[in-house]
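Please open the structure in your viewer and set the side chains to be shown as sticks when selected. The tour goes from one selection to the next, with a short account of what is found at each stop.

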Amino acid sequence: MTQTHKVLPPNSVIGIVGGGQLGRMSAIAAAKLGYRAHILTQGTQDPAVQVAHAVTIGAYDDTRALEAFACAVDVVTFEFENISANALDQLASYCPVRPSGRILRISQDRLAEKTFLTEAGVPVAPWHAVTDKDSLYAAAEKLGLPLILKTTRNGYDGKGQRRVYDISDLENAFTELAPHPLVAEAMVDFACELSVMVARGVDGTIRCFDAVQNRHWHGILDLTLAPAPVMDDIAATARTLAAKVARQLGLKGIMGVEMFLDRDGRIMVNEIAPRPHNSGHWTMNACPQDQFDMHIRAVAGLPLPDAIRHSDAVMKNLVGPEDMALWPEILATPAHIPHLYGKAEAREGRKMGHVNILFPIGGLPGEHGIQAALGPLATKTAAPYALADAMP
(Lines give C-alpha, C1' and ligand atoms only; values in the text may rest on other atoms or scores of the structure.)
Protein backbone atom coordinates (compact mmCIF):
# COMPACT_ATOMS: atom_id res chain seq x y z
CA MET A 1 0.00 0.00 0.00
CA THR A 2 1.35 3.44 -0.90
CA GLN A 3 2.27 5.47 2.19
CA THR A 4 0.64 8.92 2.28
CA HIS A 5 2.22 9.94 5.59
CA LYS A 6 5.68 10.02 7.07
CA VAL A 7 6.75 6.89 8.93
CA LEU A 8 9.33 7.49 11.65
CA PRO A 9 12.51 5.58 10.77
CA PRO A 10 14.36 3.47 13.36
CA ASN A 11 16.32 5.43 15.99
CA SER A 12 13.87 8.32 15.85
CA VAL A 13 12.94 9.81 19.20
CA ILE A 14 9.44 9.50 20.63
CA GLY A 15 8.70 12.12 23.25
CA ILE A 16 6.45 10.98 26.10
CA VAL A 17 4.89 13.58 28.38
CA GLY A 18 4.62 12.03 31.85
CA GLY A 19 6.91 9.80 33.85
CA GLY A 20 4.53 7.18 35.29
CA GLN A 21 4.17 3.48 34.67
CA LEU A 22 2.30 3.93 31.38
CA GLY A 23 5.19 6.03 30.11
CA ARG A 24 7.60 3.36 31.35
CA MET A 25 5.87 0.56 29.47
CA SER A 26 5.46 2.76 26.38
CA ALA A 27 9.19 3.50 26.42
CA ILE A 28 9.97 -0.22 26.60
CA ALA A 29 7.63 -0.85 23.65
CA ALA A 30 9.34 1.95 21.70
CA ALA A 31 12.73 0.35 22.30
CA LYS A 32 11.48 -3.00 20.99
CA LEU A 33 10.44 -1.26 17.77
CA GLY A 34 13.83 0.44 17.39
CA TYR A 35 12.91 3.87 18.76
CA ARG A 36 14.32 5.97 21.57
CA ALA A 37 12.07 7.40 24.29
CA HIS A 38 12.57 10.88 25.69
CA ILE A 39 10.53 11.57 28.84
CA LEU A 40 9.26 14.96 30.01
CA THR A 41 8.49 14.72 33.70
CA GLN A 42 8.91 16.48 37.02
CA GLY A 43 10.46 13.63 39.03
CA THR A 44 14.01 12.37 38.59
CA GLN A 45 13.10 8.91 39.93
CA ASP A 46 9.81 8.42 38.08
CA PRO A 47 9.12 4.94 36.64
CA ALA A 48 9.57 6.03 33.01
CA VAL A 49 12.86 7.81 33.76
CA GLN A 50 14.42 4.48 34.77
CA VAL A 51 14.09 3.06 31.24
CA ALA A 52 14.32 6.18 29.05
CA HIS A 53 16.96 7.14 26.49
CA ALA A 54 16.75 10.78 27.58
CA VAL A 55 14.87 12.90 30.10
CA THR A 56 13.80 16.52 30.41
CA ILE A 57 12.94 17.52 33.97
CA GLY A 58 10.44 20.35 34.11
CA ALA A 59 6.87 21.36 34.78
CA TYR A 60 4.33 20.46 32.12
CA ASP A 61 3.54 24.14 31.57
CA ASP A 62 7.17 25.36 31.64
CA THR A 63 7.67 27.07 28.27
CA ARG A 64 11.44 26.64 28.25
CA ALA A 65 11.30 22.98 29.25
CA LEU A 66 8.65 22.33 26.61
CA GLU A 67 10.75 23.99 23.91
CA ALA A 68 13.88 22.03 24.86
CA PHE A 69 11.88 18.81 24.91
CA ALA A 70 10.19 19.49 21.56
CA CYS A 71 13.48 20.26 19.85
CA ALA A 72 14.89 16.89 20.96
CA VAL A 73 12.09 14.61 19.71
CA ASP A 74 10.41 13.64 16.44
CA VAL A 75 6.87 13.05 17.69
CA VAL A 76 5.09 13.57 21.02
CA THR A 77 2.58 11.51 22.92
CA PHE A 78 1.44 11.49 26.57
CA GLU A 79 0.81 8.88 29.24
CA PHE A 80 -1.77 10.56 31.48
CA GLU A 81 -4.40 13.27 31.18
CA ASN A 82 -3.53 15.62 34.04
CA ILE A 83 -1.24 17.74 31.89
CA SER A 84 -1.71 21.00 30.05
CA ALA A 85 -3.52 20.81 26.72
CA ASN A 86 -2.06 24.25 25.99
CA ALA A 87 1.37 22.68 26.42
CA LEU A 88 0.51 20.08 23.79
CA ASP A 89 -0.51 22.92 21.47
CA GLN A 90 2.91 24.50 22.02
CA LEU A 91 4.63 21.19 21.31
CA ALA A 92 2.55 20.76 18.14
CA SER A 93 4.21 23.85 16.66
CA TYR A 94 7.48 21.87 16.63
CA CYS A 95 6.45 18.30 15.79
CA PRO A 96 3.37 16.04 15.52
CA VAL A 97 1.44 15.40 18.75
CA ARG A 98 -0.51 12.14 18.86
CA PRO A 99 -3.19 12.08 20.24
CA SER A 100 -3.93 15.77 19.78
CA GLY A 101 -4.47 18.52 22.33
CA ARG A 102 -8.09 18.71 21.18
CA ILE A 103 -8.69 15.10 22.20
CA LEU A 104 -6.95 15.68 25.53
CA ARG A 105 -9.23 18.64 26.23
CA ILE A 106 -12.29 16.49 25.65
CA SER A 107 -11.05 13.67 27.87
CA GLN A 108 -9.94 16.03 30.64
CA ASP A 109 -13.38 17.51 31.18
CA ARG A 110 -16.37 15.29 31.92
CA LEU A 111 -18.78 17.94 30.68
CA ALA A 112 -16.93 18.24 27.36
CA GLU A 113 -16.67 14.45 27.19
CA LYS A 114 -20.40 13.87 27.81
CA THR A 115 -21.27 16.58 25.29
CA PHE A 116 -18.98 15.09 22.64
CA LEU A 117 -20.28 11.55 23.12
CA THR A 118 -23.91 12.68 23.07
CA GLU A 119 -23.43 14.74 19.90
CA ALA A 120 -21.57 11.82 18.29
CA GLY A 121 -24.59 9.58 18.83
CA VAL A 122 -22.80 7.35 21.34
CA PRO A 123 -25.06 5.99 24.11
CA VAL A 124 -24.24 7.35 27.58
CA ALA A 125 -25.98 7.25 30.95
CA PRO A 126 -28.52 10.08 31.37
CA TRP A 127 -26.70 13.19 32.60
CA HIS A 128 -27.17 16.84 33.44
CA ALA A 129 -24.73 19.75 33.78
CA VAL A 130 -24.71 21.29 37.27
CA THR A 131 -23.48 24.87 37.49
CA ASP A 132 -25.42 26.17 40.49
CA LYS A 133 -28.07 25.12 43.00
CA ASP A 134 -30.92 25.70 40.56
CA SER A 135 -29.39 23.32 38.00
CA LEU A 136 -28.56 20.93 40.87
CA TYR A 137 -32.23 20.53 41.76
CA ALA A 138 -33.16 20.47 38.07
CA ALA A 139 -30.76 17.52 37.65
CA ALA A 140 -32.38 15.69 40.58
CA GLU A 141 -35.81 16.22 39.05
CA LYS A 142 -34.69 15.09 35.61
CA LEU A 143 -32.56 12.09 36.64
CA GLY A 144 -34.25 11.06 39.86
CA LEU A 145 -32.51 9.80 42.99
CA PRO A 146 -30.15 8.24 43.66
CA LEU A 147 -27.71 10.00 41.32
CA ILE A 148 -23.97 10.53 41.14
CA LEU A 149 -22.34 13.96 41.26
CA LYS A 150 -18.90 14.16 39.65
CA THR A 151 -16.30 16.86 39.28
CA THR A 152 -15.60 17.69 35.65
CA ARG A 153 -11.81 17.39 36.03
CA ASN A 154 -9.15 15.37 37.87
CA GLY A 155 -11.38 12.52 39.00
CA TYR A 156 -9.85 9.03 39.00
CA ASP A 157 -9.91 5.79 41.01
CA GLY A 158 -13.23 6.73 42.60
CA LYS A 159 -12.13 10.25 43.58
CA GLY A 160 -14.05 13.42 42.74
CA GLN A 161 -17.54 11.94 42.99
CA ARG A 162 -20.39 11.49 45.44
CA ARG A 163 -23.48 9.30 45.38
CA VAL A 164 -26.58 11.16 46.50
CA TYR A 165 -29.46 9.05 47.81
CA ASP A 166 -31.60 11.67 49.50
CA ILE A 167 -32.69 15.15 48.44
CA SER A 168 -31.47 16.52 51.78
CA ASP A 169 -27.88 15.58 50.86
CA LEU A 170 -27.83 17.33 47.48
CA GLU A 171 -26.47 20.67 48.63
CA ASN A 172 -23.85 19.07 50.91
CA ALA A 173 -22.53 17.01 48.01
CA PHE A 174 -22.55 20.06 45.74
CA THR A 175 -20.55 22.05 48.30
CA GLU A 176 -18.04 19.27 49.03
CA LEU A 177 -17.21 18.63 45.37
CA ALA A 178 -15.11 21.33 43.74
CA PRO A 179 -14.41 23.05 41.51
CA HIS A 180 -17.74 23.70 39.82
CA PRO A 181 -19.39 23.02 37.41
CA LEU A 182 -20.22 19.39 38.12
CA VAL A 183 -21.86 16.63 36.12
CA ALA A 184 -24.84 14.71 37.52
CA GLU A 185 -25.39 11.18 36.21
CA ALA A 186 -28.28 8.81 36.69
CA MET A 187 -27.44 5.61 38.53
CA VAL A 188 -27.25 2.71 36.10
CA ASP A 189 -28.90 -0.66 36.82
CA PHE A 190 -25.39 -1.99 36.71
CA ALA A 191 -24.42 -5.48 35.55
CA CYS A 192 -20.69 -4.89 35.00
CA GLU A 193 -18.08 -2.55 33.57
CA LEU A 194 -16.59 -3.31 30.17
CA SER A 195 -13.73 -1.65 28.36
CA VAL A 196 -12.11 -1.82 24.95
CA MET A 197 -8.64 -0.69 23.92
CA VAL A 198 -8.86 0.83 20.44
CA ALA A 199 -5.95 2.02 18.30
CA ARG A 200 -6.20 4.24 15.24
CA GLY A 201 -3.26 4.78 12.92
CA VAL A 202 -2.20 7.90 11.06
CA ASP A 203 -3.73 6.35 7.93
CA GLY A 204 -7.11 5.85 9.66
CA THR A 205 -6.74 2.11 10.26
CA ILE A 206 -8.64 1.06 13.40
CA ARG A 207 -7.84 -1.99 15.52
CA CYS A 208 -9.82 -3.03 18.58
CA PHE A 209 -8.66 -5.47 21.21
CA ASP A 210 -11.28 -7.77 22.69
CA ALA A 211 -13.79 -6.34 25.14
CA VAL A 212 -12.90 -7.08 28.75
CA GLN A 213 -14.68 -6.98 32.09
CA ASN A 214 -13.29 -4.79 34.87
CA ARG A 215 -13.84 -5.31 38.57
CA HIS A 216 -13.04 -2.66 41.14
CA TRP A 217 -12.20 -2.72 44.82
CA HIS A 218 -12.95 0.51 46.69
CA GLY A 219 -12.91 2.51 43.46
CA ILE A 220 -9.58 1.12 42.15
CA LEU A 221 -9.36 -1.38 39.31
CA ASP A 222 -8.58 -4.78 40.83
CA LEU A 223 -9.18 -7.42 38.14
CA THR A 224 -9.61 -7.44 34.37
CA LEU A 225 -11.01 -10.56 32.69
CA ALA A 226 -10.16 -11.08 29.03
CA PRO A 227 -12.34 -11.72 27.19
CA ALA A 228 -15.33 -10.33 29.03
CA PRO A 229 -17.68 -13.16 30.04
CA VAL A 230 -20.62 -11.71 28.08
CA MET A 231 -22.63 -12.72 25.01
CA ASP A 232 -20.82 -12.37 21.69
CA ASP A 233 -23.22 -9.69 20.43
CA ILE A 234 -22.56 -7.54 23.51
CA ALA A 235 -18.79 -7.86 23.05
CA ALA A 236 -19.15 -6.96 19.36
CA THR A 237 -21.25 -3.91 20.20
CA ALA A 238 -18.61 -2.73 22.68
CA ARG A 239 -15.91 -2.95 20.01
CA THR A 240 -18.10 -1.16 17.48
CA LEU A 241 -18.73 1.70 19.92
CA ALA A 242 -15.02 2.02 20.71
CA ALA A 243 -14.20 2.19 16.99
CA LYS A 244 -16.91 4.81 16.47
CA VAL A 245 -15.52 7.02 19.23
CA ALA A 246 -11.96 6.72 17.84
CA ARG A 247 -13.16 7.59 14.35
CA GLN A 248 -15.24 10.56 15.48
CA LEU A 249 -12.33 11.93 17.51
CA GLY A 250 -9.80 11.50 14.71
CA LEU A 251 -7.62 9.61 17.19
CA LYS A 252 -3.97 8.89 16.42
CA GLY A 253 -2.71 6.51 19.06
CA ILE A 254 -4.47 4.21 21.47
CA MET A 255 -7.43 4.87 23.73
CA GLY A 256 -9.29 3.08 26.49
CA VAL A 257 -13.08 3.29 26.26
CA GLU A 258 -14.85 2.41 29.51
CA MET A 259 -18.48 1.31 29.33
CA PHE A 260 -21.36 0.24 31.54
CA LEU A 261 -23.41 -2.85 30.74
CA ASP A 262 -26.83 -2.66 32.38
CA ARG A 263 -29.05 -5.56 33.35
CA ASP A 264 -31.12 -5.14 30.19
CA GLY A 265 -28.04 -5.73 28.03
CA ARG A 266 -27.57 -2.09 27.02
CA ILE A 267 -24.08 -0.60 26.76
CA MET A 268 -23.34 3.01 27.68
CA VAL A 269 -19.94 4.67 27.27
CA ASN A 270 -18.73 6.12 30.56
CA GLU A 271 -15.26 7.59 29.93
CA ILE A 272 -12.50 7.79 27.34
CA ALA A 273 -8.77 7.75 28.09
CA PRO A 274 -6.67 8.62 25.01
CA ARG A 275 -3.55 6.72 26.11
CA PRO A 276 -2.61 3.21 27.22
CA HIS A 277 -4.89 2.11 30.06
CA ASN A 278 -4.75 -0.10 33.13
CA SER A 279 -7.53 -2.29 31.73
CA GLY A 280 -5.32 -3.07 28.71
CA HIS A 281 -2.40 -4.54 30.68
CA TRP A 282 -3.65 -8.08 29.98
CA THR A 283 -2.52 -7.61 26.37
CA MET A 284 1.14 -7.60 27.47
CA ASN A 285 1.17 -11.39 27.71
CA ALA A 286 -2.00 -12.50 25.89
CA CYS A 287 -1.40 -10.82 22.52
CA PRO A 288 1.45 -10.83 19.96
CA GLN A 289 1.32 -7.01 19.92
CA ASP A 290 0.14 -5.46 23.17
CA GLN A 291 -1.51 -2.11 23.80
CA PHE A 292 1.87 -0.35 24.16
CA ASP A 293 3.21 -1.82 20.91
CA MET A 294 0.04 -0.73 19.14
CA HIS A 295 0.23 2.75 20.64
CA ILE A 296 3.84 3.30 19.58
CA ARG A 297 3.07 1.95 16.10
CA ALA A 298 0.18 4.39 15.74
CA VAL A 299 2.19 7.34 17.07
CA ALA A 300 5.13 6.52 14.76
CA GLY A 301 2.97 6.05 11.66
CA LEU A 302 3.72 2.33 11.37
CA PRO A 303 1.17 -0.20 10.07
CA LEU A 304 -1.23 -1.54 12.69
CA PRO A 305 -1.51 -5.34 12.78
CA ASP A 306 -4.71 -7.07 13.82
CA ALA A 307 -5.30 -6.96 17.57
CA ILE A 308 -5.06 -10.72 18.03
CA ARG A 309 -5.47 -12.55 21.33
CA HIS A 310 -3.69 -15.91 21.58
CA SER A 311 -4.75 -16.58 25.20
CA ASP A 312 -7.47 -15.75 27.67
CA ALA A 313 -6.18 -13.77 30.62
CA VAL A 314 -6.77 -12.37 34.06
CA MET A 315 -4.96 -9.17 35.04
CA LYS A 316 -4.60 -8.46 38.76
CA ASN A 317 -3.37 -5.09 39.99
CA LEU A 318 -0.83 -4.97 42.80
CA VAL A 319 -1.93 -2.12 45.03
CA GLY A 320 -0.23 -0.68 48.08
CA PRO A 321 1.77 -2.37 50.84
CA GLU A 322 -0.77 -5.18 51.27
CA ASP A 323 -0.22 -6.62 47.79
CA MET A 324 3.51 -5.89 47.73
CA ALA A 325 3.94 -7.89 50.94
CA LEU A 326 3.01 -10.90 48.81
CA TRP A 327 5.76 -10.28 46.25
CA PRO A 328 7.92 -13.30 47.24
CA GLU A 329 4.88 -15.59 46.97
CA ILE A 330 3.94 -14.05 43.61
CA LEU A 331 7.42 -14.75 42.25
CA ALA A 332 7.16 -18.34 43.49
CA THR A 333 3.82 -18.94 41.70
CA PRO A 334 4.67 -20.34 38.24
CA ALA A 335 1.48 -19.18 36.51
CA HIS A 336 1.93 -15.55 37.60
CA ILE A 337 3.59 -13.21 35.09
CA PRO A 338 4.66 -10.20 37.18
CA HIS A 339 5.22 -6.61 36.09
CA LEU A 340 6.59 -4.05 38.56
CA TYR A 341 6.64 -0.30 37.89
CA GLY A 342 9.76 0.75 39.79
CA LYS A 343 8.01 2.86 42.42
CA ALA A 344 10.02 3.26 45.60
CA GLU A 345 7.22 3.48 48.16
CA ALA A 346 4.19 1.20 48.42
CA ARG A 347 1.63 3.68 49.70
CA GLU A 348 -1.96 2.78 50.47
CA GLY A 349 -4.02 2.73 47.26
CA ARG A 350 -0.96 3.16 45.01
CA LYS A 351 -0.65 0.91 41.95
CA MET A 352 2.75 -0.76 42.23
CA GLY A 353 2.50 -3.31 39.43
CA HIS A 354 0.29 -6.04 38.06
CA VAL A 355 0.22 -9.78 37.44
CA ASN A 356 -1.09 -11.49 34.31
CA ILE A 357 -2.33 -15.08 34.34
CA LEU A 358 -2.93 -16.85 31.02
CA PHE A 359 -5.39 -19.57 30.01
CA PRO A 360 -6.00 -21.34 26.68
CA ILE A 361 -8.39 -19.63 24.28
CA GLY A 362 -11.88 -20.32 25.56
CA GLY A 363 -10.44 -21.50 28.88
CA LEU A 364 -11.10 -18.49 31.11
CA PRO A 365 -12.40 -20.16 34.28
CA GLY A 366 -15.39 -19.29 36.41
CA GLU A 367 -15.24 -17.55 39.75
CA HIS A 368 -13.72 -20.39 41.76
CA GLY A 369 -11.16 -21.09 39.04
CA ILE A 370 -10.11 -17.43 38.95
CA GLN A 371 -9.65 -17.36 42.71
CA ALA A 372 -7.62 -20.56 42.59
CA ALA A 373 -5.40 -19.15 39.83
CA LEU A 374 -4.81 -15.97 41.82
CA GLY A 375 -3.32 -18.03 44.62
CA PRO A 376 -1.81 -15.70 47.23
CA LEU A 377 -3.57 -12.74 45.61
CA ALA A 378 -7.06 -14.19 46.06
CA THR A 379 -7.61 -12.58 49.45
CA LYS A 380 -9.53 -9.61 48.08
CA THR A 381 -11.70 -11.71 45.81
CA ALA A 382 -12.76 -14.48 48.18
CA ALA A 383 -16.20 -12.83 48.37
CA PRO A 384 -18.18 -11.41 45.44
CA TYR A 385 -17.50 -7.80 44.58
CA ALA A 386 -20.02 -5.36 46.00
CA LEU A 387 -21.85 -3.57 43.22
CA ALA A 388 -21.31 -0.32 45.06
CA ASP A 389 -17.58 -0.76 44.57
CA ALA A 390 -17.99 -1.50 40.88
CA MET A 391 -20.31 1.35 40.04
CA PRO A 392 -18.97 4.71 38.82
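## Salt bridges and a covered helix

Select Lys114 and Glu185, both of which are buried. In this predicted model, their side chains meet in a salt bridge with an N to O distance of 2.8 Å, and the pair links distant parts of the chain, since Lys114 belongs to helix 5 (residues 110–119) and Glu185, 71 residues apart from it, to strand 8 (residues 182–186).

Go next to Lys316 and Asp222, whose side chains form a salt bridge at 3.0 Å, N to O. Here strand 15 (residues 312–319) contributes Lys316 and strand 12 (residues 220–226) contributes Asp222, with their positions 94 residues apart in sequence. Both Lys316 and Asp222 are buried.

Now select Asp210, Arg239, Arg309 and Asp312 together, which are joined into one network by salt bridges that share partners.

The search of the whole structure finds 21 salt bridges, and a further one to display is that between the side chains of Glu81 and Arg275, at 2.5 Å, N to O. Glu81 lies in the loop between strand 4 (75–78) and helix 3 (85–92), and Arg275 in the loop between strand 14 (267–273) and helix 9 (283–286), so the salt bridge ties together parts that are 194 residues apart in sequence. Glu81 is buried, at a relative accessible area of 12%, and Arg275 also counts as buried, at 14%.

Finish at helix 10 (residues 291–300), where 10 of the 10 residues are buried. At its N-terminal end, Asp290 acts as a cap, with a side-chain oxygen 2.8 Å from the backbone nitrogen of Phe292, while Gly301, with a positive phi near 80°, follows the helix.

Technical notes. Residues numbered from 1 in each chain as written. Predicted model: local features only at pLDDT ≥ 70, side-chain atom pairs only at ≥ 80, totals over all residues. Heavy atoms only, no water. Buried < 20%, exposed > 50% of the residue type's maximum accessible area, 1.4 Å probe, protein only. Helix = DSSP H or I, 4+ residues; strand = E, 2+ residues; numbered from the N terminus. Polar contact = N/O pair within 3.5 Å; in protein donor to acceptor, adjacent residues only side chain to side chain. Salt bridge = Lys/Arg side-chain N within 4 Å of Asp/Glu carboxyl O.
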